[in-house]
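Please open the structure in your viewer and keep the selection panel at hand. The stops below proceed from the whole chain to single side chains.

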Amino acid sequence: MIKAKIEDKELKEQLDSLEPDRLRIFTLADGRIRGALFHGTRFVNQLRAQHKLGILETYILGQAALCSALTIPMMKDLEHNVIKFECMGAAEGYSLEADSTGYVRGYLYNEHIPVDEPLDGWSLKKFLGNGTFTFSRVHKDDKYPQSSTVDAEGENIAKDFAAYFAQSEQVNTAFNSSIKFDQKGRVIGAGSMYLQILPKTGGTAKIGSQVDSHQEETEDEQILLQKVENAFNACPSLGQIFSEKGVTSKDIIIGLFREFSPVITVERDIIFDCPCSEDYYFQYIKNLPENQLEDFKKNGPDPLEIVCRNCGSVYRIPLSKLGLS
């Protein structure tokens, strides 16, 4: 990827004042509940710079990318997720990829969404609307991806992710994502979080190994899970929180879930990045059919200009480098 530079001085000062972007995985209630919190302010700004997005486009693709990043700690070994939402709304949908090595890349199907009237709140129903949500997992040794598709409402991206896990994975999972813009449309804070209820056979050895996973929750367990859900739903805007200087992810996790003995187990970097390169596209062009190469030689253009759809990088390859001049 050719990394786009963020030139806005005020924005750079804001980013420099914030806690570094990181994803923190944590557990609650003696391991019954797993969660992750991702501070992604720089992540969303890089995504925006790569694709040169406006406010609405950044809001849609940014939230989808923040939620996609949360699927990385759910991966086992080397894994690659492809998440696509296809709809009839003006945005047409999005495509995102999350890799176990720690990067996310992707794009909107329509990066220039027409807006013909003032926005009424931040509902995305008009721009996404009803569609299909497809989640594909690609493991290292798989010949084909494991894919599942569900219907989604396209009004709230975090809820679409939660609906997928409830319907297809049959795992009770809650998602929250948020992006904060300043008065000039800059992204000054962004983050996402998920909580996932694990089977009773999980958690500590004391609790898990002797429990039937099909056993219904006891009344006390139901009360506990309801309290955790209430705490999750009480979370203020993550974009707003992460835009404030001096706030840390640890503060947020402990502040929200102190009652449930949170334990941060893993911290890792997640970035918006793409493995594309000039050499990759050079080799791709060299392997095109002979008649197409001959057409390039006769009619150009020179240099050939190739845009990576996943990250917006522009590669310009002279015909002379391809031996076609």
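The tour that follows names a selection at each stop and states what is found there.

This is a predicted model, in which local features need pLDDT of at least 70 and side-chain atom pairs count only at pLDDT 80 or more, whereas totals for chains, interfaces and linings use all residues. Residues are numbered from 1 along each chain as its sequence is written, and side-chain values use heavy atoms, with hydrogens and water left out.

**Whole chain**

Begin with the entire protein chain, which has 10 helices and 13 strands; helices (H or I, at least four residues) and strands (E, at least two) are DSSP runs numbered from the N terminus. Its radius of gyration is 22 Å, close to the 20 Å given by the globule rule for 325 residues, so the chain is as compact as a globular protein of that length. The radius is taken over C-alpha atoms, and the rule is 2.2 Å times the number of residues to the power 0.38. Of the 325 residues, 50% are buried, that is, under 20% relative accessible area with a 1.4 Å probe, protein chains only.

**The sheet**

Next, select the six strands of the open, mixed sheet, in the order β7-β6-β3-β4-β5-β11. Two strands pair if DSSP finds at least two bridges between them. β7 (146–152) and β11 (271–272) stand at the edges with a single partner strand each, so one side of each is left without a neighbour in the sheet.

Which residue of β11 is the bridge partner of tyrosine 103? It is isoleucine 271. Strand β5 (residues 103–108) and β11 run parallel and are joined by two bridges.

Now add helix α3 (residues 55–69), which lies across β3 (79–87), β4 (93–99) and β5, at about 145° to β5. Such angles run from 0 to 180 degrees between N-to-C directions, with axes fitted to C-alpha atoms, for helices over the stretch in contact (heavy atoms within 4.5 Å).

**Aromatic side chains**

Finally, display the aromatic rings, which form 15 pairs. Rings of Phe, Tyr and Trp (its six-membered ring) pair if their centres lie within 6.5 Å; planes under 30 degrees apart count as stacked, over 60 as edge-to-face and the rest as tilted. Phenylalanine 43 and phenylalanine 272 have ring centres 6.1 Å apart and planes at 80°, so this pair is edge-to-face. Phenylalanine 43 belongs to helix α2 (residues 41–51) and phenylalanine 272 to strand β11, 229 residues apart. Both phenylalanine 43 and phenylalanine 272 are buried.

As a last selection, take Phe133, Phe135, Phe161, Tyr164, Phe165, Phe175 and Tyr194, which form one aromatic cluster.
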